[in-house]
Every structure is written in structure tokens, then in C-alpha cells.
Amino acid sequence: MSDQPWHKTVCILCESNCGIEVRLEGRRLARIRGDKEHKASQGYTCEKALRLDHYQNGRHRLTEEIDWDTAIDETAARLRAVKDLHGG
Ligand code: SF4
């Protein structure tokens with residue numbers, strides 16, 4: 001049994017933002033569970049929340065570093081190109 005503390009946070013995978021608690025091992029989300037004290041979700045999570053470590057630290061995740069201004073400029077340019085091609 002780990003003696004690491006549980007940290008309260010929320011799942012960010014959809015707009016429900018269910019309350020979760022996580023145990024960390026370095027940058028890894030070692031354990032994830034629903035937060036029973038969260039007012040809205042009351043301990044509920046769907047299966048996606050329990051895979052947050054996979055999404056956060058999966059080996060296929062892009063790790064190229066880029067500054068925010070460049071990232072936003074590149075994203076905005078790409079969105080404009082998609083809009084020009086397909087409409088709003
Ligand atoms: S646990 Fe599921 S329902 Fe709740 S915020 Fe995450 S993805 Fe959405």
C-alpha cells in the first residue's frame with residue numbers, strides 16, 4: 001500500500017469535469033479514483049478518467065517543445081486554412 005497522498009483534481013477529458021483523486025509517482029499518475037466529496041460527480045468517473053496517465057504520459061505523445069506564441073500562431077493559421085477550404 002502506497003503512502004503517497006491523494007491529490008484532488010478534476011478529469012479534463014469532457015465538459016463534465018468529474019472530481020478525481022490521484023496519487024503521483026514522479027510525473028506518472030500512479031492511481032486514479034473518483035472523488036466522493038466532489039459536489040457534482042460524487043465519486044463517479046467513466047472509464048476514460050482511469051486512463052488519464054495513458055493520455056498524459058503515453059509513449060506516442062508528442063513531446064516537441066514549442067513556445068505558446070508560436071503554437072497559437074500555427075494553430076490559428078491551420079484553423080484558418082481548414083475554414084477557407086471547408087467553411088465555418
Ligand atoms: S470521468 Fe468521464 S464523464 Fe467525467 S469528466 Fe472525465 S471523461 Fe467526462
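Two residues are in contact if their C-beta atoms, placed from the backbone, lie within 7 Å. With that in hand, welcome to the views below. This is a predicted model, in which local features need pLDDT of at least 70 and side-chain atom pairs count only at pLDDT 80 or more, while totals for chains, interfaces and linings use all residues. Residues are numbered from 1 along each chain as its sequence is written.

**View 1. The whole chain, with its two helices and three strands.** Helices (H or I, at least four residues) and strands (E, at least two) are DSSP runs, numbered from the N terminus. Reading from that end, the order of elements is β-β-β-α-α. Among contacts between residues at least 6 apart in sequence, 25% join residues at least 24 apart. The C-alpha atoms fill a box of roughly 55 × 30 × 20 Å along the principal axes. The radius of gyration, taken over C-alpha atoms, is 17 Å, whereas a compact globule of 88 residues would have one near 12 Å (the globule rule is 2.2 Å times the number of residues to the power 0.38).

**View 2. The largest nonpolar core has six residues.** A residue is buried if 20 or more other C-beta atoms lie within 10 Å of its own, exposed if 12 or fewer, and partly exposed in between, with C-beta atoms placed from the backbone. Buried residues make up 11% of the 88 in the chain. A nonpolar core is a set of buried Ala, Val, Leu, Ile, Met, Phe, Trp, Tyr and Cys residues joined through C-beta atoms within 7 Å. Here you can find Cys-11, Cys-18, Ile-20, Val-22, Leu-29 and Ala-49. Setting aside neighbours within four places in sequence, Leu-29 touches Val-22, Leu-24, Leu-52, Asp-53 and Gln-56.

**View 3. The ligand and the residues around it.** Surrounding the ligand are Cys-11, Leu-13, Cys-14, Ser-16, Asn-17, Cys-18, Thr-45, Cys-46, Lys-48 and Ala-49, each with its C-beta atom, placed from the backbone, within 6 Å of the molecule. By class, this shell holds six nonpolar, three polar and one charged residues. Ala, Val, Leu, Ile, Met, Phe, Trp, Tyr, Cys and Pro count as nonpolar, Asp, Glu, Lys and Arg as charged, and the others, Gly among them, as polar.

**View 4. Asn-17 and Gln-42, two loop residues with positive phi.** Asn-17 sits between strand 1 (7–10) and strand 2 (19–25), and its phi is near 45°. Asn-17 is partly exposed because 14 other C-beta atoms lie within 10 Å. Gln-42 belongs to the loop between strand 3 (28–34) and helix 1 (52–57), with phi near 50°. Its 12 C-beta neighbours inside 10 Å are why Gln-42 counts as exposed. Ile-20 is 22 residues from Gln-42 along the chain, and their C-alpha atoms are separated by 9.4 Å.

**View 5. Helix 2 and the loop before it.** Look for Arg-59 in the loop between helix 1 and helix 2; Arg-59 has 6 C-beta neighbours inside 10 Å, so it counts as exposed. Helix 2 covers residues 68–86, and its end C-alpha atoms are 26 Å apart, in agreement with the 27 Å expected for 19 residues (1.5 Å times one less than the number of residues). Helix 2 is hardly covered, with zero buried residues. Gly-87 follows helix 2 and has a positive phi near 90°.
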